[in-house]
Structures are given as structure tokens and as C-alpha cells.
Amino acid sequence: MVNNQYDAAILGCGVLGLTIAQELTKKGLKVALVGKDLPEDIHSTGFASPWAGASFHSFATNSAEQRRDTHTFKEFERLSREIPELCQRRPYRYFKREKDVGEDPWWADLMFDYRHLKPSEIPAPFAQGVTFEAYTLNTPLYLQHLGNWLRSHNVPIIRERVSSLNEMYDLPSIGKVNLVINASGLGARSLIGVEDSLVHPAKGQTILVEAPDVKTTYGIEGKHPIPNQSVYIIPRPGPANHVILGGCYIKDDWSTNVSKDVAKQILKDCYELCPNLDNKKGKGTIEDIKIVSHNVGLRPAREGGLRCELEHRFIGDNENNDALLPAKGKGKGGKRKVGVVHAYGIGGAGYQSSLGIAKEVSGLVDQWLEGDGKGNRKAKL
């Protein structure tokens, strides 16, 4: 294989890796994707992306996070028009048990038709609620859509298990590259050369059901009486009439086993919130809910949130022999200067911030190509 035929190699084929690859490809750069799980592996518990809801409910707490979510929301508007079976605008209703209203969230002005519900619109036992319109995604189909788009634009998506960051700079399947995008998710905790101890799993459990009468996204805000439990109902776009019921958020739990107790609580909470889940206009029972599957995914969370930054590194002449050594800081002894853009640790906000993160990564790639990577560009911007 001819060396240096790609501008960058991307590690990780979850929603972030795929979206970053699409963003860079649209700019005219040549990239290749590598991962042990690929977009079509929608039943794999090896990565979180196939198991997401996914609704748009921002967790952003600072301006950078808000900027990413805002950009993604606006891009979803275009996607919903072009491919409605992947992304669809629909009503949302969120309820609270607490009486004090407080301030509206920062994203209230971003949503469509955001307003507080009237007392007559709020079911017991809730004290308040809001409604608006936003988007939901069919996440398994969206992953496959991104994979198909990339392959149609001649972007290789290669199944390969990578143990160290240094391996990425000279994989036999890709050839030599001087820039790597590290979108390895939970893998960043054990990836040699990164080994980020701040990365941890946040276990989520959901139930996929068939419910053609449910077209509204629901959620309950505030603390659940049971620790780690939460309540949300997310209708997915597409003809299958699938709805995601959730859920839980259990930090540092690496198990992918389904908890029977959590599943029972999810069904109980969601049916109380939306009786139409029974497919009998609310006149049936919880046993009438048509369950398609029970699901578990590990959100790739990180203390301090997303790591999105450009790091300059040095590697030796023989990347394979050097793979177990810490490349960073070898200084003058290094034979080759390379770069890595880290993009991992997004937790449960991967989809709703994905396009914004990809745009940010694109800017860091430009910074590399215009600086230390100058002269290495394989395609014109």
C-alpha cells in the first residue's frame, strides 16, 4: 500500500467517529475509519451508539456545549426534511413533580413553540410541565445511513482491533498517516498512549416496544424516587412504529446484563405516563404493551465532560515496536512529529451534539494541517 494516502485516520465507528468522517470528507479531505464495531453492528454491546433513544434534550452547561448542541439541532432540521424516516420533528412533553417553576432552560428559545403547560394539561401527580417540538432519531438506521454515505464517497470503514494509539499511524490496512482522530469512546480508558482514567461507563437500560398510537416524546424531570432510575418515552421515526422506553443511568457499571427489576420499573413508570403504550387507546393493561427487545448500552462518559483538543506527539521510526511506549514528550529523540485530535467522553449526549463536535474537530484538523501538518494534505480543501 502506498504510504500517506490519507489526511487522517479515525479510530471509532460510533456516531462521533462517523459524523467526523462525514464532515471532513465534505471538506475534501481523505480519511479512513477503523473500529472493532462497525455501523452495521446494531446488536453489538461493544459500543453505545446503536442503543441510544435518541431525543433532543440538551444537558449543556457551558457555552461550548451549547454551541455544539445548537449547531446539531439546526442540522437536524435539514435532515428531517431530506430523510424523515431517520429524523423527525415531533411534540415533546416534560413534567415535574416539584411546584417551583424556576427559570426556563437555555435551550427554550431553540425549540419550536416552547411553552408552559396549562394546569388542565398536566396529569396527576405532576405539578408543572412544558411542551415544545424538537427532533427524534432512529439511531440504528442513522448509523447505517452514515456508514452508507461514507462508503459511497469511497471512505474505507475497516474492522480492526487497536490496542495503542501509535498503531494508528501506520496500520497495514491504511498505511502511514500523520494525524489521528481519537473517537474511541470508552476505549480511551484503556487505549495505550491515552489511558484516560477520567473515562467511565454509565450504564443505560431501555425497552423497545411497538406502539403506533404514541407520537409524542415524554419525560419526567427531577430525581426519581429510585436511585439511578429515570423516565422517558421516545418514538422513533420510520414505519416500524417503534418507541424507546427508559431508563437508568448507573455510573461505573460495566455489566451489559438486563436487570429484571429495572425493566419492570421502566414499564410501570412509562405506562403510567402514557397509557396509549398498550395499543388499546389506554383501555388495556401494562401486559398489552408489545415488547420488541430489552436493551443495555454503556454510555462513554468522562469526568469533566468531552475531551476535544489537538495534541502534538512524537513517534519513533518503528511504530510497531514503539507502540507500547508513551510517545508524548519524547522530544528531540522522536523521529516523526504527528498529531491526534481527541473527541471522546460525550456520555449520553452523543447524537444531539454530534454535528457540533464534528465541526469543532474539523477546525482542529485545519489547525494541524496549517501548522505542523502543513505539506501533508492529500486533498484540497
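**Exercise 1.** In the hairpin of β12 and β13, which residue takes a positive phi?

*Solution.* The model is predicted: local features need pLDDT of at least 70 and side-chain atom pairs pLDDT 80 or more, while totals for chains, interfaces and linings use all residues. Residues are numbered from 1 along each chain as its sequence is written, and side-chain values use heavy atoms, without hydrogens and water. Strands are DSSP runs of E, at least two residues long, numbered from the N terminus. Between β12 and β13 lie 6 residues, and Gly238 adopts a positive phi near 110 degrees in this hairpin.

**Exercise 2.** Identify the strands that pair with β12, and describe its burial.

*Solution.* Pairing requires at least two DSSP bridges between two strands. Step one: β11 (residues 217-221) pairs with β12 in the antiparallel sense over 3 bridges, and Ile220 has Val231 of β12 as its bridge partner. Step two: β12 and β13 (residues 242-248) are also antiparallel, over 5 bridges; here Pro235 is bridged to Val243 of β13. Step three: β12 (residues 229-235) has 6 of its 7 residues buried (buried means under 20% relative accessible area, exposed over 50%, partly exposed in between, with a 1.4 Å probe and protein chains only).

**Exercise 3.** Explain why Cys248 forms no disulfide.

*Solution.* A disulfide is a pair of cysteine sulfur atoms within 2.5 Å. The structure holds 0 disulfides. For Cys248, the closest cysteine sulfur belongs to Cys270 and is 12 Å away, so the separation is too far for a bond. Cys248 is buried, at 1% relative accessibility. Cys274 is likewise in no disulfide, the nearest cysteine sulfur, that of Cys270, being 8.6 Å away. Cys274 is buried at a relative accessible area of 4%.

Terms used:
Helices (H or I, at least four residues) and strands (E, at least two) are DSSP runs, numbered from the N terminus.
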